[in-house]
Amino acid sequence: MDSEVKKDENILIFTPSYAHLDAMVATSFKSKFVDLINSGAKQFILNLSNVSFIDSSGLGAIIRTLTLLEKNQGSLFFCNVSDPVLMVFKIAHLDQLIQILPSEKDSIEHYKSDKRAKQ
Amino acid sequence: MMALTYAGKQNLIFFGLVAFAAIFSVFLFHTTNQKVIVFKEAEGFFNEKDYKQAIMLYEKSLKLGMPINKVGPKLAISYVTINEMQKAIPVYKLYLNENPKDSLVRLEYAKVLTWLGNIKEAEDEYNQIEAEDKK
């Protein structure tokens, strides 16, 4: 199964296909995200429904992605985060820096309500 | 009983050794194969969020000789996820013994020690992370 990228208006939703975000896939994860950011998109949702485990390489790739997004004034919501991954986010205090929402639908709704509020 | 000639004895030893090597190879293949099968089953349960089954099979794969490098972090975080922190401790110790530079797993270990109230040990781990970061 390939990782999926889909679009809902201006929001890019990236769903990695791999079960483990680790050293094996961290580079391809990061380069995929760099491509998406370079395509000009600003609003992202990272759907981690298939990811059940993350190690230091995966965490590093996420942090580098967040840094790049920050530089490009982009934003990112995480959704469908499994318990072990959430545990690692909490342990690394990453949960205080990122926005985690229960589902893809909630994340889209969050972006859209933000947009409505700004209008 | 018929007495064996010198050549006969040599043949017997030779075939005995061949038979032993063959049986040992089958045993080795079976064990190696089994640990991989058990590990893959554990991964399946882990991915399906059935952490109790995953733990049982990760432990079994370790006993069958699966390296701690492959099993450790997932086994430990499974214990943490189902709130059996105490059982995660020996797994973290074993893994970090072989992977002393894995700062994320050491951070997990330090947090678990903190949650369990082992503040002094946790402090030692945090200091080690800091020392490793400065390198």
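**Two pockets in a predicted model**

Student: Let's start with the second largest pocket: how much space lies in it?
Tutor: About 230 Å³. Keep in mind that this is a predicted model.

Student: What makes Ile63(A) a lining residue of the second largest pocket?
Tutor: A lining residue has an atom within 4 Å of a grid point. Ile63(A) is listed in the lining, along with Leu66(A), Thr67(A), Gly74(A) and Gln99(A), among others, so Ile63(A) meets that cut-off.

Student: Which elements supply at least two residues each to that lining?
Tutor: Helix 2 and strand 6 (75-79) of chain A. Helix 2 of chain A gives the most, with 5 residues.

Student: Why is Gly74(A) counted as polar in that lining?
Tutor: Because Gly goes with the polar residues under the class rule. By class, the lining of the second largest pocket has 7 nonpolar, 4 polar and 1 charged residues.

Student: And how much space lies in the largest pocket?
Tutor: About 320 Å³. The largest pocket is lined by 17 residues.

Student: Which of those lie nearest its centre?
Tutor: Asp22(A), Asp55(A), Asn69(B), Lys70(B) and Lys74(B).

Student: What makes Asp22(A) and Lys70(B) charged in this count?
Tutor: Asp, Glu, Lys and Arg count as charged, so Asp22(A) and Lys70(B) both belong there. The lining of the largest pocket divides into 7 nonpolar, 4 polar and 6 charged.

Student: How do you know that both chains line the largest pocket?
Tutor: Helix 2 (56-71) of chain A and helix 1 (6-47) and helix 3 (68-81) of chain B each supply at least two residues. The largest share, 4 residues, comes from helix 3 of chain B.

Key: Residues numbered from 1 in each chain as written. Chains lettered and ligands numbered in written order. Predicted model: local features only at pLDDT ≥ 70, side-chain atom pairs only at ≥ 80, totals over all residues. Heavy atoms only, no water. 1 Å grid on protein atoms, 1.4 Å probe; cavity = no way out; pocket = protein on both sides within 12 Å on 5 of 7 lines; lining within 4 Å. Points joined across faces, edges and corners; volume = space filled by probe spheres on them.
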